[in-house]
Each structure stands twice: as C-alpha cells, then as structure tokens.
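Visitor: Hello! I'm new to this structure and would love a close look at a single part of it. Could you choose one and walk me through it, along with what lies around it?

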Amino acid sequence: ILVILALALGYFAFDKFVLTPQRQAEELATVAEKARQAGVEQARTEARLDLISDKSVAVLPFVNRSMQAEDQYFTDGIHDELLTQLSRISALKVISRTSVEKYRDTEKSLPEIARELSVATIVEGAVQRVGNQVRINTQLINAHTDEHLWADTFDREYTLDNLLAIQSEVTASIADALEAELTDREKGHINRPPTSSLEAYDLYLRGRQLMATRRGGELQQALTAFEKAVEIDPNFAKAWVGIADTSMLLIGTGKISISESRENRKRAVEKALELDDQLGEAYAALASLLQDRQQKVAALEKAIELSPNYAQAYMWYASSIDEPP
C-alpha cells in the first residue's frame, strides 16, 4: 500500500510539475500559431482590398417589380444597357454580365460579393413598368462600408427619349460619384441615341436577352427580333451587331450553315460600321470574319480601345494572339 501510494504521489507530482507545464506550453503555442495565421490572413485580405481600385464596379442584375413576369426581358435589358454604357468608360473597371449573373437572387452580402468580384462598389437597381409609365430605382454602394454613394428614383412616361435620358443620367452620376473622368468620345457615346424608334429599341432589348441564353430556339427568336428592329430602323447600328453576333452563335446549334452565317455577319458588320465606326462591339464582330491573324488582332484591339470593359473582346483577343502567325 505504501509503495502504491508513493507511486501515485510521484505520478501526480510528475504530472503537475512536468507534464502540465508542457501541455500548457503546447496549448499556448497552438493559440499563438492560430493567432499568427489569422493575422496573416487578415493582412492578406487587407492587401487585396488595397489593390482593388476605387473605380471598380459590379452592376448586379436588376429586380423586376412589374406586375407581369414577362417584363423580365425589359428589366434585364435596362440592366444590360447600363452595364454596356459603363463599360465604355475607360476610367472604370466594370465586371462583365456573365460574372454578375450568378448573383441573381443571391443571399450573399454585398461585402461577400465585392470580395469575390474584387470590386469596391456595387450598383443595385429595380425596374417597374406599368402601362405608359416606367420607374427605375438605382443605387451605388460602397461595398466595404455599406455606404450609399449615390441613389435616385426615376418616374417617367414610357418613351424612348425618357429611357435613354435615364440611362445617360445614371451612367454620368455613377461616373461622377466614382470621380471617373469621361473623355469627349465617351460622353458622345453616352448621350447618342442608338435608335429613333421605341418599338425597334424594345425588340433590341428582347433580342439581347434571348441571345444571352445561348440556346438554339431562343437564338433564332433573337435573330428574328434583331431583324425586325432593323426593318423598323435601318440605322440602328447596335441591332445590326446583334444580327452578326446571333448568326455566329447559331453555328454551334446546327440551325444555320457556316456559309449562311458568314454571309449574314458580313452584311451586318459592314452596315453597323457604316452607321457607327466608334462601336467597339462591331469591331469585335468584324474580327470573327477575318482570316489574317494580324488583321484580326488589330480589329480586337480597336474593339477594346472603344469598349475598354468588353469581356468578349478580351477573350477573343487572348485566343488570337496565341494563334500561330
């Protein structure tokens, strides 16, 4: 019994004065390492935030507040047009539609979205069309502080002039809030009406949303919408680009031959550039027709110069410069 008691006391003493201090030292080392790793991660996060330009912006998909779900194409069209307007401003970094589309109806917070997209600001909006009236709400938010940098609500009669005026005003207001200086050419693009016909413009918006699906049936409907738009207004350059882009996408569906697609694109691109030789999207469409690598690269460089945030042009440009001469 005495021997067992002595051994027990010896173990308790060894545990208290030798093993326990070692365990505490190991626990303290683990806590310190976790704190160090957290500090490193925090430093990395702050460094990433420091690298994000104050003039970077993501335009999230707009909310359709109309009574009819069918008006979704109109809401998406207004969003797409605003995104296109902003993408022409070289002083801004604008995230592409493809990248922001996945945040439609998201439950993620604005800071989370901003970190994932590496942007400093986010635009949210909503569109409501009732009868001959349209309401568009738009707000620009600092995604890291949740501070509203600019917000406005536009209640106007549903006319082409009013729609285009709202888009121009929103674009200019966002650029002003972000202190992004516009060139004279960029100001001209923002204020230049693409068409004089509301019906043609509505068909163009519908065609753009149908084309975005990349599905065969919808692509054919998109092509029909663009063709109707240029029938109404033959001077609608962006609708001619829509014909060119849709004709190219239809090749992958097997619903149009390569030769027919090329003929459609050639006619549409030539017409678009004849009407507006400052349309970056038209030069990108032209590049798809060119066989010579140097000419193709030059056309895409022109497209990027005129539309500095046109993601499709960058993708095609990267593919073209990797092609053998």
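Guide: With pleasure. Helices here are DSSP runs of H or I with at least four residues, and they are numbered from the N terminus. Please keep in mind that this is a predicted model.

Let's take helix α5, which covers residues 160-177. Its 18 residues reach 26 Å from the first C-alpha to the last, close to the 26 Å expected at 1.5 Å a residue. After α5 comes E179, whose phi is positive, near 55°.

Which residues of α5 are buried? They are L160, L163, L164, I166, Q167, S168, V170, T171, S173, I174 and A175. While you look at them, a general point may help: an α-helix has 3.6 residues a turn, so residues three or four places apart point the same way.

What covers those buried residues? The cover includes the helices α2 (72-87), α6 (184-191) and α7 (198-212), together with β4, β5 and β6. Let's visit these strands in turn.

Strand β5 spans residues 133-142, and seven of its ten residues are buried. β5 runs antiparallel to β4 (residues 121-130), and ten bridges join the two. One pair to look for is V123, which stands opposite L140 in β5. β4 and β5 form a hairpin with two residues between the strands, where G131 takes a positive phi near 60°.

β5 also pairs with β6 (residues 147-157), again in the antiparallel sense and over ten bridges. Here Q133 has E157 of β6 as its bridge partner. This hairpin leaves four residues between β5 and β6, and D146 in the turn has a positive phi of about 65°. As you follow the strands, remember that in a regular strand the side chains alternate between the two faces of the sheet.

Now to a residue that touches both β4 and α2. F62 sits in the loop between β1 (56-59) and β2 (63-64). Why does F62 count as buried? Its relative accessible area is 3%, and buried means under 20%. Setting aside residues up to four places away in sequence, F62 touches Q72, T75, I78, H79, L82, R104, V123, E124, G125, A126 and V127. You have already met V123 as the partner of L140. H79 is 17 residues from F62 in sequence, yet their C-alpha atoms are 6.0 Å apart.

Two of the helices that cover α5, α2 and α7, lead us on to the largest pocket, which has a volume of about 800 Å³. Thirty residues line this pocket, and those closest to its centre are R97, R208, R214, Y310 and Q312. The elements giving two or more residues to the lining are α2, α3 (97-101), α7, α9 and α13 (311-322). α9 provides the largest share, six residues.

Let's finish in α9, residues 237-249, where you will find T246. Because its relative accessibility is 0%, T246 counts as buried. A polar atom of the T246 side chain lies 2.7 Å from the backbone oxygen of G242. Leaving out neighbours within four places in sequence, T246 is in contact with M211, L219, A222, L223 and F226.

Technical notes: Residues numbered from 1 in each chain as written. Predicted model: local features only at pLDDT ≥ 70, side-chain atom pairs only at ≥ 80, totals over all residues. Heavy atoms only, no water. Buried < 20%, exposed > 50% of the residue type's maximum accessible area, 1.4 Å probe, protein only. Pairing = 2+ DSSP bridges. Expected span 1.5 Å × (residues − 1). Contact = heavy atoms within 4.5 Å. Polar contact = N/O pair within 3.5 Å; in protein donor to acceptor, adjacent residues only side chain to side chain. 1 Å grid on protein atoms, 1.4 Å probe; cavity = no way out; pocket = protein on both sides within 12 Å on 5 of 7 lines; lining within 4 Å. Points joined across faces, edges and corners; volume = space filled by probe spheres on them.
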